[in-house]
Amino acid sequence: MPNLGMTELLLILAVVILLFGAKRLPDAARSLGRSMRIFKSEVREMNNENADSDQTARPA
(Lines give C-alpha, C1' and ligand atoms only; values in the text may rest on other atoms or scores of the structure.)
Protein backbone atom coordinates (compact mmCIF):
# COMPACT_ATOMS: atom_id res chain seq x y z
CA MET A 1 0.00 0.00 0.00
CA PRO A 2 1.47 3.35 -0.92
CA ASN A 3 2.32 5.89 1.74
CA LEU A 4 -0.15 8.72 1.57
CA GLY A 5 0.94 12.07 2.92
CA MET A 6 -1.23 14.73 4.43
CA THR A 7 -1.54 16.56 1.10
CA GLU A 8 -2.84 13.47 -0.69
CA LEU A 9 -5.34 12.72 2.08
CA LEU A 10 -6.66 16.28 2.00
CA LEU A 11 -6.99 16.12 -1.77
CA ILE A 12 -8.93 12.84 -1.57
CA LEU A 13 -11.17 14.28 1.14
CA ALA A 14 -11.87 17.37 -0.97
CA VAL A 15 -12.79 15.24 -3.99
CA VAL A 16 -15.12 13.08 -1.89
CA ILE A 17 -16.84 16.16 -0.45
CA LEU A 18 -17.23 17.64 -3.92
CA LEU A 19 -18.65 14.41 -5.32
CA PHE A 20 -21.09 13.55 -2.55
CA GLY A 21 -21.67 16.83 -0.80
CA ALA A 22 -21.04 17.49 2.88
CA LYS A 23 -24.70 16.90 3.72
CA ARG A 24 -24.77 13.29 2.50
CA LEU A 25 -21.43 12.14 3.96
CA PRO A 26 -22.69 11.33 7.50
CA ASP A 27 -25.52 9.24 6.07
CA ALA A 28 -23.11 7.42 3.79
CA ALA A 29 -20.71 6.73 6.68
CA ARG A 30 -23.57 5.46 8.86
CA SER A 31 -24.78 3.20 6.09
CA LEU A 32 -21.29 1.88 5.49
CA GLY A 33 -20.90 1.14 9.21
CA ARG A 34 -24.16 -0.81 9.28
CA SER A 35 -23.16 -2.78 6.22
CA MET A 36 -19.79 -3.65 7.74
CA ARG A 37 -21.42 -4.83 10.99
CA ILE A 38 -23.82 -7.07 9.05
CA PHE A 39 -20.98 -8.42 6.92
CA LYS A 40 -18.83 -9.19 9.98
CA SER A 41 -21.68 -10.97 11.75
CA GLU A 42 -22.42 -13.06 8.66
CA VAL A 43 -18.74 -14.03 8.30
CA ARG A 44 -18.58 -14.91 12.00
CA GLU A 45 -21.74 -17.04 11.67
CA MET A 46 -20.33 -18.85 8.63
CA ASN A 47 -17.08 -19.56 10.51
CA ASN A 48 -19.04 -20.94 13.47
CA GLU A 49 -21.07 -23.17 11.16
CA ASN A 50 -17.92 -24.45 9.48
CA ALA A 51 -16.27 -25.13 12.84
CA ASP A 52 -19.36 -27.02 14.02
CA SER A 53 -19.53 -29.12 10.86
CA ASP A 54 -15.79 -29.87 11.07
CA GLN A 55 -16.18 -31.13 14.63
CA THR A 56 -19.15 -33.35 13.80
CA ALA A 57 -17.51 -34.71 10.66
CA ARG A 58 -14.39 -35.93 12.48
CA PRO A 59 -14.64 -39.14 14.46
CA ALA A 60 -13.84 -38.81 18.17
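**Exercise 1. Decide whether Asn3 is buried, partly exposed or exposed.**

Solution. Start with the value: Asn3 has 78% relative accessibility. Next, apply the cut-offs: buried is under 20% relative accessible area, exposed is over 50%, and partly exposed is in between (1.4 Å probe, protein chains only). Asn3 therefore counts as exposed. Finally, place the residue: Asn3 lies in the segment before helix H1 (6-20). Here helices (H or I, at least four residues) and strands (E, at least two) are DSSP runs, numbered from the N terminus.

A word on the model you are using: it is predicted, so local features need pLDDT of at least 70 and side-chain atom pairs count only at pLDDT 80 or more, while totals for chains, interfaces and linings use all residues. Residues are numbered from 1 along each chain as its sequence is written, and side-chain values use heavy atoms, leaving out hydrogens and water.

**Exercise 2. Find which side chains form the salt bridge, and describe where they sit.**

Solution. First, the rule: a salt bridge is a side-chain nitrogen of Lys or Arg within 4 Å of a carboxyl oxygen of Asp or Glu. Searching the whole structure gives one salt bridge. Its partners are Asp27 and Arg30, at 2.8 Å from N to O.

Now look at the spacing. Both residues belong to helix H2 (residues 25-57), and because they are three residues apart, about one helical turn separates them. An α-helix has 3.6 residues a turn, so residues three or four places apart point the same way.

Last, check exposure. Asp27 is partly exposed at 47% relative accessible area, and Arg30 is partly exposed at 45%.

**Exercise 3. Check whether the span of H1 agrees or disagrees with its number of residues.**

Solution. Use the rule first: the expected span is 1.5 Å times one less than the number of residues. For the 15 residues of H1 this gives 21 Å. Then compare: the end C-alpha atoms of H1 are 21 Å apart, which agrees. After H1 comes Gly21, with a positive phi near 85 degrees.

**Exercise 4. Compare the radius of gyration of the chain with that of a compact globule of 60 residues.**

Solution. Begin with the globule rule, 2.2 Å times the number of residues to the power 0.38, with the radius taken over C-alpha atoms. A compact globule of 60 residues would come out near 10 Å, but the chain has 20 Å. Now add the dimensions: the C-alpha trace spans about 60 × 30 × 10 Å along its principal axes. To finish, note that buried residues make up 0% of the chain, whose secondary structure is two helices and zero strands.
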